[in-house]
Amino acid sequence: MNQGPVVGLPIDRVDGRLKVCGAARYAAEFTLPRMVHAVMVQSTMPKGRIVAIDTAAAERTPGVLAVLTHRNAPRLPAHGRAAVQPPAGRVLSLLQDDRIDYHGQPIAVVVADSLEHAQDGARALKVRATPERAALDFEAAKPGAYPPAQVTRGTTDTQRGDLEAGLRTGAVRVSAVYGTPMEHHNPMEPHATIAAWEGGRLTLYDSTQYVSGVKRTVARTLGMDPEQVHVVCPFVGGGFGCKGSTWSHVVLAAMAARVVGRPVKLVLARPQMFGPVGGRPRTEQTLRLAAARDGRLTAMEHAVMTHTSFLEDWTEPSAMQTRMLYACPNQRTAHRLVKLNLGTPTFQRAPGEATGTFALECAMDELAHEAGMDPLALRIANETAEDPDKRRPFSSRSLLACYRAGAERFGWARRNPAPRSMRDGRWLVGLGLGTATYPANRSGASARVQLLPDGTALAQSGTQDLGTGTYTVMTQVAADALGYPVHRVRFELGDSRLPPAPVSGGSQSAASVAPAVREAALAARAKLIDAGRADPRSPFHGASKDEMWIDNGWLRSRRDPTVQEPVAAVIARSGPLEAVVSTQPGAERERTSLHAFGAVFSEVHVDPELGIIRVPRVVGAYGVGRILNAKTAHSQLMGGIVWGLSMALFEESLLDPATGRFVNANLAEYHVPVNADVGEIEVMFVPEDDPFINALGVKGIGEIGITGVAGSIANAVHHATGRRVRELPITLDKLL
Ligand code: MOS
């Protein structure tokens, strides 16, 4: 009878059946009566002013209902710029003026009775604009670099000790510049919004990582009461950060629906995913490291140059991990921005740590090489129990255990330290290491749990499932806290009318929402026990709280195991019970430094003549707190490693410097790994009990998987070939 806890077990996704049957409904799959279709028209020049848009031919196109341009679009409060509220809000382009700030900026919306008619109408638009001189060259823009007022997850610059003295003291030094290219998120499901008005109330079916953020941003932009905006998003086909902000198309869909008086569906085409919905900016990272003969760091400098748009400052926070990852008394980190005529970049798959660990972990590898040290021994020599920047202990840090477990599993000991020394037939073999890390974020969240007379429970929170398993793990958390079997618990999310939860970004959903779901379930459980005690018809009438418990859907007595009653019987008499709870992170965030850690070991094979790179094997070992579901967690980390491989070898958005157009804005030419590119990936979890982070000990695993991977692979390529490639992606031409 006793079922034991389900948290941690590798249970199947509770929404798996819906997904394989095609019954999981994504934003663009909702259909509403009288719904029509909108197409977003974009600028084809990087900077200028619109002189005229001739809409006559478009308006005559069969089926076209409206053409919105800056001439006739509804005027918005504060020029449509009222909503900026990071991380949910971005500066949007909402047809309020004639300015063009980037190629791909929305400049018109065509609405028609079918998608094809809307596309026809869009093609018939004639736009005349005066071009202006655009900034598209990162190099040329560098003299204008400036420090941003703030960086997403911390201060712009940091300093401790005496950097120059530390550099002088060191016996070995490395100084190098690393580059990462512009990238775009490209989830399988593109952005999509359906907007429907009923009087003054707006419903949005939107693919988003943040239903409450869309609600707030749209309300503020349109000058509405947020309670009049309802956002629905039961499923997301991947987000990777681009769906963490509310972009122009969401508001444009609402504006178009208002104008035509019918529900409007606006789905971005794949090429439209490159520009108006964020991306990863280019980074140029200068690393200067120095260490004593024994490998202990005496100085670290990490200076980041990256770009933003002319609309707004957004900074890729690439130096963040350098502040806390290794012991080092003397350090300087800095972020600088240049402005380019491109769409505003945004959070993308471990913003900061993905690009930053590439540079840092390569530099550490170069330092190990200079020092004649094993790269793993160098990392271990710089281990620290305290966050050297915040001067606080880590809430938990299992990095040494990750190194040990990963190295053992991978067979690191067989690595011959000399580059170009290992072979497999004609292939050069390289083994590389990179450290993974990501902050263990948490925000306030709320949840509701209802206990129903049929013996089932409904748990709810206005969070999101990006495809990673939120539905499943929250069901497990609620079931355990209630003492219900997991199949009698249903979890609902993705609706702004549910108790609010934070953005599913920064890898924080599990660590933020699980505590709220757990607390709400415990509160509902306490009510159920009280109902049993108070009810003269219950066998528990008059019993003490302490002797009662709920297990597998039965109310039971600890004192007398024969006394029991199904919860359904209790609730049938008491009526449905409900608890709503909000939880907040506590003082642990001031007393400790909260991060997850891992170690990534890669094996690469390089063809010595052709430069072809294969990655037959990656082993990632992670200390990420408590695992809520071993199966979904494994998938998530494995997916992260694939994205790291992608970053190392494939991804790059190529900009035409003349027009500001991304020339590979499609999935044929924007390369991501396919199955044949991915070798064996092993994911290991080292046991980690973090008593500080939250009651469940959950750290979050959304993004750490991508970190450390590109560095690990780049280091393996160096080991295989003796060639140090400091500019991603590592394509074969760079090895020839
Ligand atoms: Mo993640 S890039 O913080 O959505």
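**Group meeting: two strands and two loop residues**

I begin with a pair of residues: Met422 stands opposite Val429 in strand 19. Please bear in mind throughout that this is a predicted model.

Met422 belongs to strand 18, residues 422–424, and three bridges join this strand to strand 19 in an antiparallel arrangement. The two strands form a hairpin with two residues between them. In that turn, Gly425 has a positive phi of about 65°.

On strand 19 itself, residues 427–439, there is another partner to consider. Strand 27, residues 595–606, runs antiparallel to strand 19, and 12 bridges join the two. One of the facing pairs is Gly430 with Val604 of strand 27. How many of the 13 residues of strand 19 are buried? The count is 12, so strand 19 is largely enclosed by the rest of the structure.

Arg414 brings us back to this region from a loop. Arg414 lies between helix 11, residues 399–410, and strand 18. Which residues does Arg414 contact, once neighbours within four places in sequence are set aside? They are Met422, Leu431 and Glu603. Met422 is the residue that I placed opposite Val429 at the outset. As for Leu431, it is 17 residues from Arg414 in sequence, and the C-alpha atoms of the two are 9.3 Å apart. Is Arg414 buried or exposed? Neither term applies: Arg414 is partly exposed, because its relative accessible area is 43%, which falls between the limits of 20% and 50%.

I turn now to strand 13, residues 283–291. Seven of the nine residues of strand 13 are buried, and the strand is thus mostly covered. Strand 13 pairs with strand 8, residues 172–180, through nine bridges, and the two run antiparallel. Strand 13 also pairs in the antiparallel sense with strand 14, residues 297–308, over nine bridges. Ala290 illustrates both pairings: Arg173 stands opposite Ala290, and in strand 14 the bridge partner of Ala290 is Ala299. Strands 13 and 14 form a hairpin with five residues between them, and Gly295 in the turn has a positive phi of about 95°.

The second loop residue is Tyr670, located between helix 16, residues 630–649, and strand 29, residues 680–685. Tyr670 is buried because its relative accessible area is 0%, under the 20% limit. Leaving out residues up to four places away in sequence, Tyr670 touches Glu183, His184, Asn186, Phe274, Glu651, Glu652, Ser653 and Asn664. Of these, His184 is 486 residues away along the chain, yet the two C-alpha atoms are separated by 8.8 Å.

Let me close with the whole chain. The protein chain contains 17 helices and 29 strands. Among contacts between residues at least 6 apart in sequence, 81% join residues at least 24 apart. Of the 736 residues, 61% count as buried. The radius of gyration is 27 Å, which agrees with the value near 27 Å that a compact globule of 736 residues would have. Along its principal axes, the C-alpha trace spans about 80 × 70 × 50 Å. The accessible surface comes to about 26,700 Å², with 52% belonging to carbon and sulfur atoms. Finally, there are 80 positive and 73 negative side chains, and the centres of the two sets lie 2 Å apart.

How values were computed: Residues numbered from 1 in each chain as written. Heavy atoms only, no water. Buried < 20%, exposed > 50% of the residue type's maximum accessible area, 1.4 Å probe, protein only. Helix = DSSP H or I, 4+ residues; strand = E, 2+ residues; numbered from the N terminus. Pairing = 2+ DSSP bridges. Rg over C-alpha atoms; globule rule 2.2 N^0.38 Å. Contact = heavy atoms within 4.5 Å. Areas by Shrake-Rupley, 256 points an atom, 1.4 Å probe, with all protein chains shown as cover. Lys, Arg positive; Asp, Glu negative; His and termini not counted. Charge placed at Lys NZ, Arg CZ, Asp CG, Glu CD.
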